[in-house]
Amino acid sequence: GPREKALASFSALSSGILVCTDVAARGLDIPHVDLIVQYDPPQDPNVFVHRAGRTARYDQEGDAIVFLLPTEDAYVDFLKLRGVPLMERECSPDIVDIVPQIRTAALEDRNIMEKGLRAFVSFVRSYKEHHCSFIFRWKGLEVGKLAMEYGLLQIPSMPEVKHNNLSLKGFFPLGNIDFSQIKFKDKTREKQRQKALKRKAEELANEPPVPEKRIPRERPDKPKRKQTGKQRQTIQSKEDMDELTNEYRLLKKLKRGVIDEDEYEKLTGFGGSDGEGSDGDAAGRGKGKERRSKEQKKLKQRGGKTGGRR
């Protein structure tokens, strides 16, 4: 209903401006529209053509303008590939800076201040979801300058700005202003806001105080209990079994020729040190053979058990 009413009102004017979203990008037939201004490029490039198609209807002439940042000029080539050529237009140097007027209006009416904040948040999130994200990189947005363009009195604390180190250069905050004291010009809305503030203050006053968190004391380490004889025996038996299993593997490698006798003796800890002479080596080899024969006997005795584990 409101949309149809606004559209009928606009169509009846001899001259005027219709501010709209992409809802009006297609399906509307309004004669004598001379100019389409696209504040930001559409998320879907196909919509660009539909937007521009609201002008120059029935053999009439018309223009369509789109605003682009210097970092977004690749969008021109992108549209050219899709059969939509664009031409750069020089901006007039005599443009009046209306940002001070918007900020003054926001200081006088909370409605304008809140609308600016909502519009800013909406634009940043829309830009973040742009389909051509390889051109429109939201992390490269100069948020400070954008906030000034919207006439904001403060930059909203939104996650996109807070956690991504976006550029705040170009924003000039207004000092010594309590934003909670800015009132609605509409007296009914201001009355509702004051009631909500009063109710919130009462709720905070009635809330029980939050207890302080106690810092847990550091408990001294408990002295380790002495191991029982049975525990010590179990640990010793396990160590013996591991050692025997390891020696059995090395013995099998020796038999297969993977390692020689010297390597075997070194790995089992029975090889002679570097400082020993030939007599020592001979004695070491004799002990090694004796040791191997004993191991083979042990392994034969325990072979069934070991084989079961393997």
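Where does Arg82 lie? In this predicted model, Arg82 is found in the loop between helix H3, which covers residues 74-81, and helix H4. Because its relative accessible area is 45%, Arg82 counts as partly exposed, a label that applies to values between the buried limit of 20% and the exposed limit of 50%. When the neighbours within four places in sequence are left aside, Arg82 is in contact with Pro45 and Asn46. Although Arg82 and Asn46 are 36 residues apart in sequence, their C-alpha atoms are 9.2 Å apart in space.

From this loop we can step back to the whole chain. The chain contains 11 helices and 2 strands, and along the sequence these elements follow the pattern α-β-α-β-α-α-α-α-α-α-α-α-α. Of the 310 residues in the chain, 25% are buried. Among the contacts in the chain with a separation of 6 or more, 65% are between residues that stand 24 or more positions apart.

The two strands deserve a careful look. Strand E1 is formed by residues 35-38 and strand E2 by residues 63-66, and the two pair in the parallel sense over 4 bridges. Within this pairing, Val37 has Ile65 of E2 as its bridge partner, while Gln38 stands opposite Val66 in E2. The side chains of E1 alternate along the strand, with Ile36 and Gln38 pointing to one face, where they are buried, and Leu35 and Val37 pointing to the other, where they are not. Together with helix H2, which spans residues 45-52, the strands E1 and E2 make a right-handed β-α-β unit.

Next come two pairs of helices. Helix H4, residues 99-108, packs with helix H5, residues 110-128, at an angle of about 120°, and their axes are 5 Å apart. This angle makes H4 oblique to H5. In this packing, Ile102, Ala105, Ala106 and Glu108 of H4 meet Arg110, Ile112 and Met113 of H5.

Further along the chain, helix H9, residues 229-256, packs with helix H10, residues 261-268, at an angle of about 175°, with 10 Å between their axes. Because angles over 145 degrees count as roughly antiparallel, H9 is roughly antiparallel to H10. On the side of H9 the contact is made by Glu247, Leu250, Leu251 and Leu254, and on the side of H10 by Glu261, Tyr264, Leu267 and Thr268.

Arg193 is another arginine to look for, and this residue lies in helix H8, which covers residues 187-206. Is Arg193 buried or exposed? Arg193 counts as buried, because its relative accessibility is 13% and the limit for buried residues is under 20%. Once the neighbours within four places in sequence are left aside, Arg193 is in contact with Arg110, Ser180, Gln181, Ile182, Lys183 and Phe184. One of these partners, Arg110, is also among the residues of H5 that meet H4.

The cysteines offer a final pair of examples. Cys91 has a relative accessibility of 63% and therefore counts as exposed, whereas Cys132, at 3% relative accessibility, counts as buried. A disulfide would need a pair of cysteine sulfur atoms within 2.5 Å, and by this rule the count comes to 0 disulfides.

Terms used
Residues are numbered from 1 along each chain as its sequence is written. This is a predicted model: local features need pLDDT of at least 70, side-chain atom pairs count only at pLDDT 80 or more; totals for chains, interfaces and linings use all residues. Side-chain values use heavy atoms; hydrogens and water are left out. Buried means under 20% relative accessible area, exposed over 50%, partly exposed in between (1.4 Å probe, protein chains only). Two strands pair if DSSP finds at least two bridges between them. A crossover is right-handed if, with the strands pointing away from the viewer, the path from the first strand over the helix to the second runs clockwise. Axes are lines fitted to C-alpha atoms, for helices over the stretch in contact, and angles run from 0 to 180 degrees between N-to-C directions. Angles under 35 degrees count as roughly parallel, over 145 as roughly antiparallel, 65 to 115 as roughly perpendicular and the rest as oblique. Contact means heavy atoms within 4.5 Å.
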